[in-house]
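Please open the model in your viewer and set it to a cartoon display, with the option of showing side chains. The tour below moves from one selection to the next and says what is found at each stop.

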Amino acid sequence: MERIRERVIQIYGNLVSLLQKCIFCILSVGPIPNHIAFIMDGNRRFTKKCKLMEGAGHKIGFSALMSMLKYCYEFGVRYVTVYAFSIENFKRSPEEVQSLMDLMLEKIEEILKEQSIVNRYGVRVIFSGNLKLLSEPVRLAAERAMLATAKNSKAVLSICVAYTSTNEIMHAVQESCEEKWDEITLLNSSGAGYGLISLGGYEQDEMDHLIKLTDIEKHMYMAAAPDPDIIIRTSGETRLSNFLLWQSANCYLYLPSVLWPEIGFRQFLWAILNFQQIHFYLDKQRKQS
Amino acid sequence: MPFSLHFSPTPLITAPSPLSKPFFLVPYYHTLYAPKSPPCSSTEHALTHQGKQEAFDRRPEDSQTLPLGLRRDAMPSHVAVIMDGNRRWARLRDLPVRSGYEAGVESLRKIVEICCKWGIKVLSVFAFSSDNWFRPKVEVEFLMSLFERGMQEDTGIFFRENIRISVIGDLTKLPKALQELMVNLEEATKNNTRFQLIVAVSYSGHYDVVQACQRLALKAKCGLIEPSDINVSLMEQELETNCTEFPHPDLLIRTSGEFRISNFMLWQLAYTELFFAQSLWPDFGEAEFLKALLAFQQRQRRYGV
């Protein structure tokens, strides 16, 4: 009886998988997003809603993440970014922060295993954020994961940890200024400098030549990935919460009301269909800017 | 003549203004509303002992002009608007595009009036994006002339209603006459305190961050700061929204049903609640604005925690 039940589940699973592949074939006639970003919101609310033990929501949320990654990579999305842990999340209770760090450690080890999604789809894993804020075990595990997957080239998974967009932009601005500072010092010492600007006044041209948009962009934590085509935030909250602010300038925002652990194929499909509807216009906007 | 306060228990009744006239020609405190109780002693105290501006802000009508359901204590201080849908509005009515923009200006005037009435301190509007320079030349020229005309026509009103105008964006790309007008208007209204209207013209979030970065780089070059001193606070001081006490919008409204930010105030929108309205901007009126504010007041803001 048990074996028949297992067999039925297996056949059902295969049918669903086949149906999904057919839908992907049809959808791939239209534009395929190059980069999808997820704000995985609603894990704690899911725990409360289903009256589960503390932390269970995040564990189920991780399974939901694996499903979404599978859909993305099967469909042909090359870059996926997830907002795993914000710098502001450090303000949560120490127990919650610790349990999230432990979960992260556990899952980093898991994704490096042979049968994991990362190896199946040739995914390079990047941890974006101010990693110095992480505890040493987590930071070392992250660095190990990045090293272990550095040679994978079919797809990229950016995990934003100890990340906020304002911190990312500020850090990029700082690095750009330091780079220009070094350049100017070098040029001045060789006698080919810009010349001194008198304090209290400056030319607009001088300012324009100092730092450009591309100088800042190359120092972003997310420089390895192009701008996202879709940002999906679950749980019905309509805000960016300091995620990819710089990169979201012309990006489609999809804000379903399901909680993150409840997200499924239906929401993925809807996001893709809406994206394909406005893709042409967004692409034109991006090329103009 | 600049603003003068006349408090009277019996409101002055004015003739209804034709639709084409901006609301500002009917001063705010002359309404058809009859106060339910005689002037309270706190207001008389305010009139006699406090500055005229504080008295103006504490008029008893203010506490009674909020629609049902809206809480004054939970009103956003700064609302930002992406005024999308003017051209579509015109196309749907077989009108020229310029009619859409003119209808958009009327809509803006109505929303400014409502903001003043409901106690919102700052309204930022995305009037012209850096990307909009790629639109047809005729359209761009019309928009420039519309901005010039609008600012000239409403100058008296800004003074009378104590409204401060600030302009953010790369003004060097604008026609010289418009640049001068904007700079002069900003300077002339900088001490107005009742309400601030920030108009983003030739602006983008990327431009704002890059110009802040350039200013900081220049300061570093001049030895005023070290690059390692650069922090969030220094960045915020150099962003163009440093012209206001409330640089971060609490609520962003985008009309016409599009779900994107379109390069508006990227840094400042970090924890802003987003509201996407289906109606086109010229149709966005009090009812929709109320819906947006009610939705905002129901949100639980965690600021990332």
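Begin by selecting helix α4 (residues 94–111) of chain A, which lies across β2, β3 and β4 of chain A and runs at about 150° to β2(A). Helices (H or I, at least four residues) and strands (E, at least two) are DSSP runs, numbered from the N terminus, while axes are lines fitted to C-alpha atoms, for helices over the stretch in contact, with angles running from 0 to 180 degrees between N-to-C directions. This is a predicted model, in which local features need pLDDT of at least 70 and side-chain atom pairs count only at pLDDT 80 or more, whereas totals for chains, interfaces and linings use all residues. Residues are numbered from 1 along each chain as its sequence is written, chains are lettered from A and ligands numbered from 1 in the order in which they are written, and side-chain values use heavy atoms, with hydrogens and water left out.

Next, add helix α3 (residues 56–75) of chain A, whose axis comes within 11 Å of that of α4(A), the two crossing at roughly 35°. To see the contact (heavy atoms within 4.5 Å), show A:His58, A:Lys59, A:Phe62 and A:Met66 of α3(A) together with A:Glu96, A:Leu100, A:Leu103, A:Lys107, A:Glu110 and A:Ile111 of α4(A).

Now hide the helices and select the sheet of chain A, an open one in which six strands follow the order β3-β4-β2-β1-β5-β6 with parallel pairing. At its edges are β3 (123–128) and β6 (252–254) of chain A, each of which pairs on one side only; two strands pair if DSSP finds at least two bridges between them. From one strand to the next, the twist averages 20°.

Within this sheet, select β2 (residues 79–86) of chain A, which seven bridges join to the parallel strand β4 (residues 155–163) of chain A. Along this pairing, A:Thr81 stands opposite A:Ser158 and A:Val82 stands opposite A:Ile159. Then add β1 (residues 35–39) of chain A, which pairs with β2(A) in the parallel sense over five bridges, A:Ile39 having A:Tyr83 as its bridge partner. Seven of the eight residues of β2(A) are buried (under 20% relative accessible area, 1.4 Å probe, protein chains only), so this strand is largely enclosed by the rest of the structure.

Finally, switch to chain B, whose secondary structure comes to ten helices and six strands. Of the 305 residues in chain B, 54% are buried.

Technical notes
Buried means under 20% relative accessible area, exposed over 50%, partly exposed in between (1.4 Å probe, protein chains only).
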